[in-house]
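User: Could you take a close look at the salt bridges in this model and walk me through how they are arranged?

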Amino acid sequence: NTVNGGVSEPQMNMNHYEEYREIRLKVPGIRQDDVHVEVHNNNLSIYYFINMVSNEKLIQLPRFVYNRSVPYFIDINKINARLENEELIVKLPFNRLANGYHKEIKINQS
């Protein structure tokens with residue numbers, strides 16, 4: 001595969017269910033144990049490192065597969081990941097705001 005200079009192209013699917021969203025990911029040629037999943041400042045990142053040599057020094061460059069803001073209706077505290085049949089599965093459960101937010105605002109009499 002010579003796309004992007006010979007880098008394996010990830011195979012990613014986003015599935016939508018009633019209670020959660022799910023990201024399924026395979027990266028040919030990359031061990032699933034080398035893939036990282038992080039949430040930082042409300043941003044979900046899925047990446048792995050590519051080793052490069054520069055001036056006889058090994059440099060690890062991150063290759064992002066997924067890097068997006070987490071929507072307000074996803075419960076960040078309950079995001080989890082698992083390996084299943086050579087596939088990384090990241091589960092993004094909905095929170096109570098997924099059904100919309102409703103609040104009656106009382107009007108103060110002045």
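Analyst: Happy to. A salt bridge here is a side-chain nitrogen of Lys or Arg within 4 Å of a carboxyl oxygen of Asp or Glu. By that rule, this predicted model has seven salt bridges.

Let's start with the network. Salt bridges link Glu22, Arg24, Arg82, Glu84 and Glu87. Within this group, Glu87 pairs with Arg24, and their closest N and O atoms are 2.7 Å apart. That contact joins distant parts of the chain, with Glu87 in strand 7 and Arg24 in strand 2, 63 residues apart. Buried means under 20% relative accessible area, so Glu87 at 15% is buried, and Arg24 at 19% is buried too.

Another pair in the network is Arg82 with Glu84, whose side chains meet at 3.2 Å, N to O. Arg82 is partly exposed, at 34% relative accessibility, and Glu84 is also partly exposed, at 31%.

There is also a bridge between Glu9 and Arg63, with the closest N and O atoms 3.4 Å apart. Glu9 sits in the segment before strand 1 (11-16) and Arg63 in strand 5, so this pair ties together parts that are 54 residues apart in sequence. Glu9 itself is partly exposed, at 29% relative accessibility.

For context, strand 2 (20-26) and strand 7 (87-93) are among the elements that give two or more residues to the largest nonpolar core. Of the 16 residues in that core, those touching the most other members include Ile23, Leu25, Val90 and Leu92. Val90 also contacts Glu22, a member of the salt-bridge network.

Terms used. Residues numbered from 1 in each chain as written. Predicted model: local features only at pLDDT ≥ 70, side-chain atom pairs only at ≥ 80, totals over all residues. Heavy atoms only, no water. Core = buried A, V, L, I, M, F, W, Y, C linked by side-chain atoms within 4.5 Å. Buried < 20%, exposed > 50% of the residue type's maximum accessible area, 1.4 Å probe, protein only. Helix = DSSP H or I, 4+ residues; strand = E, 2+ residues; numbered from the N terminus. Contact = heavy atoms within 4.5 Å. Lists of a residue's contacts leave out its neighbours within four places in sequence.
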